[in-house]
Amino acid sequence: MDEPRATDATGSDPGWYRICVQGRLAQRWSTWFDGMSLSPGPDGTTVLRGPVGDQAALHGLLQKVGDLGLILLEVTQEDPGGSGRTSAAES
Amino acid sequence: MSHALIETKFFRPSPRPGRVARPRLHDRLDRGLAAKLMLVSAPAGFGKTTLLADWLAPTDLTGGAPGRGAWLALDPADNDPTRFWRYVVAALQTALPSAGEHALTLLEDRQTPSVEVFLTVLVNELGKADGDTILVLDDYHVIESPAVHEGVAFLLAHLPVGLHLVMATRSDPPLPLPRLRASGDLVEVRAADLRFTAEEAATYLNGVMGLELRPSDVHALEGRTEGWIAALQLAALSMAGRQDASAFIAGFAGDDRYVVDYLVEEVLQRLPADVQDFLLRTSVLDRMNGSLCNAVTGQDGGRVMLETLERDNLFVVPMDDQRHWYRYHHLFADVLRGRLLDEQPDLLGELHAHAATWHEHQGDIAEAIRHFLLGAQFVRAAELIETVLPALRRDRRETTFRGWLEALPTDVLRARPVLCHALAGARMSTGEFGGVEELLDATQEWLDLGGHASAPPGGQIVDRDEYARLPGDVAVHRAGIALIRGEPEQTTQHAHRALDLAGPDDHLTRGAALALLGLAAWSTGDVTTGHDSYAECLGEFELVGHVSDVLGCSVALGDLEVVQGRLSAAVRTYRAALELADGHHTPVLRGRADMHVGLAARYHEQDDLPAARRELSVSRELGEHAGLPQDAYRWRVVMAAVREAEGDIEVAIDLLDEAERLYTGDFLPAVRPVPAIRARTWARHGHLDAALGWIKQVGVSLDDPLLYLREFEHVTLARVLLAQHERGVASTDLARVVRFLDRLLSAATDGHRAGSVVEIQLTRALALQRLGDDEPALTALGAALHLAEPEGYVRTFVDEGAPMATLLAAAGRRTSSPYLARLRSALATGRGTVSVPALPLPRHESLVDPLSNRERDVLRLLDTELNGPDIARELVVSLNTVRTHTKNLYMKLGVTSRRAAVLRAKELDLL
């Protein structure tokens, strides 16, 4: 119930995240995923990108991924619009 | 708000005709009856609910179900622990009609201390039922509340024989799964198990759906959907009535779109426009009937539409036998909502508002509020929340209204002072102070504007009494914050303000303000004001029947009376509270145990040790749950005093060690710290190094400024230094100690703390005697006796041993009185020579899962030198049997070794 407030030590900055799931997801899901952008990734995957308010919001997004029965492949924090800070798991 | 329960939550979906039989999974669930928890954990659309419903349904083959099934479909509102457990008991009652009746009364009683008390009673009640009961908690993943998880973990740890817990969930719950797995108490059915195998897929597509697909097509579908049942169902729907099934499958298999996107598109495309529209609009509903659908769509014919959808297998699930309520399959609902959000986002608020209004008319205010919040109609939501607030408070549903209030935007909240204030109170009650002052300020601001005379903007005053109470309540909360910050002056100011503002009949506000006033005064040593405030506060709570609060106040009042040296008044306080409690019919009343501990302390002072023990055991028998937070530590402090008086010094020290660990402040000032009590015991019995260590540790010195909060420690310091002199190892000038005691005496006298005066005078008398100042020593003793005699002090004198005997003898040569004679005879009996049979050690707790007779036999032998084979011979059983008993014993005792088992068993009086 107690959602972390913006002043919490963890996740205080809204960060950009990149969430990779299995399957090609239609553009229409963008609103469902709080306005994250959707783009095709490698090998029939979909990459969701966008700002995420805090850790609680990120968990909310991941839960939505789960609700649709999508297979979660990777979650990375990245610079706005840029490439991932860590990319080891992609190769 | 009514207590009406939503019946559909207990409805176990009936098996559909022609479903795919899944004997391999049923076998595994049957095995789960030997475990504590069955966990069916997989994403949406894997057939979890269907599997469990089928498994629980009586079958033609076996003629019966595996046990009585109780079903509970959870929803996010069940994160409120009170609601959650109310529904669990109601679900169990569908299988066992009288299950948990007694427990339920506890849950609904404000005086019940905690959910654990309720659960303990529930576990005991369920333990008496015969046969197996299977409780299914469907959609457990909606539960996020740690309080609910903790309760469920407690239930699991103490699960009665015959009750089996089954959870269907999309994510693993935060329960001790690895431990359950390791002990064989967890049986799992996971996504990999739930997927349709090739055979099951073929049975479904060709057998159930009658599609007559070729094996290669079945194979292709199974591969593309990876056995995901929801996807196979969608695929089957897309193909129904098609001539070109193979072409469809080829197209589907060759496409890498998310399967659900692809298939829902196919299914929806083939539906008429009005059906598509109906599906999209009603997707905002978690449960729906015809009338509700009509309200949301603005059309007629909702009921017929729902029946059609069910007939066509379009993912509606009936929620009762009458086909009155339905819901969409969760995955399908999410997909529909996703489309609605994308295609007509503006419609969302409107749809939720329709749904909310419908529920409001039906009297389901909670659901109406939920929809208003979802539809971002915050003003309407706030208005409704305010109407149900008093009822929710009464029903202990703080979690529920707090969740709603946290969802409101600041501007809406600020316009409604009652809600602002309620949120502040809800946060404070869980120890969170973030944003509380801002909320109180907002409430205050509104009040200062003369707002109480008029309605808040955008609404009318819902409950005039609630508004009338606001000014006083705000002041009470501010006083509480000040107290926690350690600011007694501000506490007093706010508390006085609260009393000025509260109406004469507003007993709760007045009671709270008076208690805060009492605490603030007490912490500064003004025990007169402390006492009078508490006495008045107690009266306010008694007027409104808050018995548990009266008992809580009586603890403080008794303490204060002891400091005032009015021991008989303290006894009257405890007895009056017990009498009041007797007239109250709540089975477990928190605070009763504390009253008996208070009485025990008084008997101890009178040197009536058997009576003190009697009160302590009465307190213990009432159970942990009858005690306020401080009871556990206070009980040990008094028992330690009794044991010390009986001569068991080591036991007394052990008890004080435990007391120190169990100490909790519970808002009361820490005026008698356990380490100081222990230091006195050490000093009295010659453990000077330990006592001096205490001085170092707490850092007290004869040069300290005098603060009432340190009075007990300061007197202790004087006593330790005096004990050093008596042992002839002194390093401090005793005259300095006497001067320190003089300062303490004058502070205690000024503060009208006669109880403190008795003690300080007595210590002074002993110190002066040691210095050879006989005359002043006898004067000091006389002053102590003068105050002590009418109140019957004994142990305070007797505990001082030989030096006190000398002093009393000297006093006896001058005057004689029955009181003096009594003290001298008590001293002559001597400490440590009183022979009292050793009583069992106090119990920390008792085992929830009692030992069997055989386990007791094994336990008895574990406390010998016998090895495993010897024990087996002794009991005439196999070594394996001994091992099994031992393993169960260890588990019940919560230990992992023989030595620990014996120790623990002794602690629990089992040996």
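**Entry 1: B:D139 and other positive phi values**

I started with B:D139 and asked whether this residue is buried or exposed. At a relative accessibility of 9%, B:D139 counts as buried; I use buried for under 20% relative accessible area, exposed for over 50% and partly exposed for in between, with a 1.4 Å probe and protein chains only. B:D139 sits in the loop between β3 (133–138) and α6 (146–157) of chain B. Its phi is positive, about 60°, although B:D139 is not a glycine.

A note on the ground rules: this is a predicted model, in which local features need pLDDT of at least 70 and side-chain atom pairs count only at pLDDT 80 or more, while totals for chains, interfaces and linings use all residues. Residues are numbered from 1 along each chain as its sequence is written, chains are lettered from A and ligands numbered from 1 in the order in which they are written, and side-chain values use heavy atoms, leaving out hydrogens and water. Helices (H or I, at least four residues) and strands (E, at least two) are DSSP runs, numbered from the N terminus.

Next I looked up A:D43, which is not a glycine and has a positive phi near 55°. The loop that holds A:D43 runs between β2 (37–40) and β3 (45–52) of chain A. Here the residue is exposed, with a relative accessible area of 73%.

**Entry 2: confidence in chain A**

I checked pLDDT, the predictor's confidence in each residue from 0 to 100. Chain A averages 77, and 73% of its residues score at least 70. Among the elements of chain A, β3(A) has the highest mean pLDDT, 93, and helix α1 (residues 29–32) the lowest, 89. Over residues 1–12 of chain A the pLDDT is below 50, and this stretch has 13 contacts in the model beyond near neighbours in sequence; contact means heavy atoms within 4.5 Å. Residues 84–91 of chain A are also below 50, with 12 such contacts. Where pLDDT is low, the predicted coordinates should not be read in detail.

**Entry 3: the sheet of chain A**

Which order do the strands take in the sheet of chain A? I found an open sheet of 4 strands, β2-β3-β1-β4, with antiparallel pairing; two strands pair if DSSP finds at least two bridges between them. β2 and β4 (72–78) of chain A stand at the edges with a single partner strand each, so one side of each has no neighbour in the sheet. On average, neighbouring strands here are turned by 20° against each other, direction ignored.

β2(A) and β3(A) run antiparallel and are joined by 4 bridges. A:P40 stands opposite A:T46 in β3(A). Helix α2 (residues 55–67) of chain A lies across β1 (15–22), β3 and β4 of chain A, at about 15° to β1(A). For such angles, axes are lines fitted to C-alpha atoms, for helices over the stretch in contact, and the angles run from 0 to 180 degrees between N-to-C directions.

**Entry 4: the sheet of chain B**

In chain B I found an open sheet of 5 strands with parallel pairing, in the order β2-β3-β4-β1-β5. Its edge strands are β2 (68–73) and β5 (186–190) of chain B, each pairing on one side only. Neighbouring strands of this sheet are turned by 15° against each other on average, direction ignored.

Strands β1 (residues 37–41) and β4 (residues 163–169) of chain B pair over 5 bridges in the parallel sense. B:L39 has B:M167 in β4(B) as its bridge partner. Helix α1 (residues 23–32) of chain B lies across β1 and β5 of chain B, at about 160° to β5(B).

**Entry 5: helices α26 and α47 of chain B**

I then moved to B:T491 in helix α26 (residues 488–501) of chain B. B:T491 is buried, at 0% relative accessibility. Its side chain reaches the backbone oxygen of B:E487 at 2.7 Å. Leaving out residues up to four places away in sequence, B:T491 touches B:A479, B:A482, B:L483, B:L516 and B:A520.

In helix α47 (residues 898–907) of chain B, I noted B:A901, B:V902, B:R904 and B:A905 as buried. Why do the buried residues of α47(B) line one face of the helix? Seen down the axis, they fall within an arc of 165°, taken from the directions from the helix axis to the C-beta atoms. Their cover includes α44 (853–862) and α46 (879–893) of chain B. After α47(B) comes B:D909, with a positive phi near 60°.

**Entry 6: a residue that touches chain A**

Last, I looked up B:R257, in the loop between α12 (245–253) and α13 (259–269) of chain B. B:R257 is partly exposed, with a relative accessible area of 33%. Not counting residues up to four places away in sequence, B:R257 touches A:R24, B:R224 and B:Y262.

Definitions and conventions
Polar contact = N/O pair within 3.5 Å; in protein donor to acceptor, adjacent residues only side chain to side chain.
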